[in-house]
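Reader: I'd like a close look at the salt bridges here. Please take me through them pair by pair, and then show me the part of the fold they sit in.

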Amino acid sequence: MALNRAEVIGHLGGDPEIRTFPSGGKVANFSVATTDKWRDRNTGEQRERTEWHRISIVADGLAKVVEQYLRKGSKVYIAGQLRTRKWQTQSGEDRYSTEIVVAGNNGTLEMLGDARSGGGDNRGGYQDGSQSRGQSGGQSGGGSGPQTGGIDDDEIPF
C-alpha cells in the first residue's frame with residue numbers, strides 16, 4: 001500500500017494563473033505560503049519560517065472556482081498529491097519542481113477566511129467543482145473541515 005497526499009493551510013502569494021485550453025478545460029496554478037512561528041528558547045525572540053508550496057489545480061470545475069473566487073491573500077485548505085515535474089531551461093539544463101496537484105476526486109480545495117481575505121464569507125469545500133461540505137458563517141462555528149488558529153491579517157507574510 002502507498003500513500004501520496006499533501007495537505008496545507010495557508011494564504012495565496014499572488015493571484016492565480018488560469019490557463020484555458022482549446023477544449024474549454026482550465027488549469028489553475030498558484031503558490032500558497034505556510035508560516036511556522038515559535039519563540040527561540042535561548043534568546044526568547046519570536047522566530048518564523050515561511051514555506052512556499054506550488055499548487056496546480058487540474059480539475060476543470062475546481063479551476064473555475066479558483067478563477068472566480070481566489071485572489072492574493074485568500075486563505076485556503078488544499079489537499080492533493082505531490083508530483084515532481086522535469087523541465088529544461090533555455091540553456092538545456094534539467095530542472096525539477098515539486099507541486100501539490102489537485103485533480104478530480106483525489107483532491108480538495110476549501111476556502112477559509114472572510115470576504116476581506118478573498119475567501120468569501122462562507123467556508124466552502126469543493127471536490128471536482130461540486131460543493132462537498134460547507135457552512136454559513138466564518139471561521140468560528142465548529143463544522144467539518146480543518147480547524148486552524150486565528151491568523152491576523154498583519155501576520156500574512158506578503
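Author: The count comes to nine salt bridges. Keep in mind that this is a predicted model, so I'll come back to confidence at the end. As a general reminder, side chains of opposite charge can pair when their charged atoms come close. Let's go through three of the nine.

Start with R5 and E7, whose side chains meet in a salt bridge with 3.9 Å from N to O. How covered is R5? R5 has a relative accessible area of 41%, so R5 counts as partly exposed.

The next pair is K26 and E67, where the closest N and O atoms are 3.1 Å apart. This one ties together distant parts of the chain: K26 lies in strand β3 and E67 in helix α1, with their positions 41 residues apart in the numbering. Which of the two partners is buried? That's K26, because its relative accessible area is 15%, and the cut-off for buried is under 20%. E67, at 33% relative accessibility, is partly exposed.

The third pair, D36 with R49, has its closest N and O atoms 3.9 Å apart. Again distant parts of the chain are linked, with D36 in strand β3 and R49 in strand β4, 13 residues apart. Here D36 is partly exposed, at a relative accessible area of 41%, and R49 is partly exposed too, at 42%.

Now for the fold around these pairs. The chain has one helix and nine strands, and from the N terminus they come in the order β-β-β-β-α-β-β-β-β-β. Of the contacts with a separation of 6 or more, 55% are between residues 24 or more positions apart. Buried residues make up 35% of the 158 in the chain. The accessible surface is about 9400 Å², with 43% of that belonging to carbon and sulfur atoms.

What about the nonpolar side of things? The largest nonpolar core has 20 residues, and F30, I55, I57, I78 and L109 are the ones with the most contacts inside it. Elements giving two or more residues to this core include β3 (26-39), β4 (46-57) and α1 (60-69), and those are the elements we just met in the salt bridges K26 to E67 and D36 to R49. β1, β5, β6 and β7 are on that list as well. The largest share, four residues, comes from α1. For a feel of the packing, pick I55: beyond its neighbours within four places in sequence, I55 touches V8, A28, N29, F30, V32, I78 and I100.

The strand pairing is easiest to follow from β5. β1 and β5 run antiparallel and are joined by six bridges; G10 has V76 of β5 as its bridge partner. V76 also stands opposite M111 in β7, where β5 and β7 pair in the antiparallel sense over five bridges. Then β5 and β6, also antiparallel, are joined by eight bridges, with W87 partnered by R95 of β6. The β5 and β6 hairpin has five residues between the strands, and G92 there takes a positive phi near 90°.

β7 is worth a stop. Five of its five residues are buried, so β7 is largely enclosed by the rest of the structure. In a regular strand, side chains alternate between the two faces of the sheet. In β7, T108, E110 and L112 point one way while L109 and M111 point the other way, and all of them are buried.

Finally, how far should you trust the picture? The mean pLDDT of the chain is 79, and 72% of the residues score at least 70. Confidence is highest in β1, at 97, and lowest in strand β9 (residues 130-135), at a mean of 35. Residues 117-124 have a pLDDT below 50, though that stretch has 39 contacts in the model beyond near neighbours in sequence. Residues 126-151 are below 50 as well, with 63 such contacts. Where pLDDT is low, the predicted coordinates should not be read in detail.

How values were computed
Residues are numbered from 1 along each chain as its sequence is written. This is a predicted model: local features need pLDDT of at least 70, side-chain atom pairs count only at pLDDT 80 or more; totals for chains, interfaces and linings use all residues. Side-chain values use heavy atoms; hydrogens and water are left out. Buried means under 20% relative accessible area, exposed over 50%, partly exposed in between (1.4 Å probe, protein chains only). Contact means heavy atoms within 4.5 Å. Accessible areas come from the Shrake-Rupley method with a 1.4 Å probe; for residues, only the protein chains shown count as cover. A nonpolar core is a set of buried Ala, Val, Leu, Ile, Met, Phe, Trp, Tyr and Cys residues joined through side-chain atoms within 4.5 Å. A salt bridge is a side-chain nitrogen of Lys or Arg within 4 Å of a carboxyl oxygen of Asp or Glu. Two strands pair if DSSP finds at least two bridges between them. pLDDT is the predictor's confidence in each residue, from 0 to 100.
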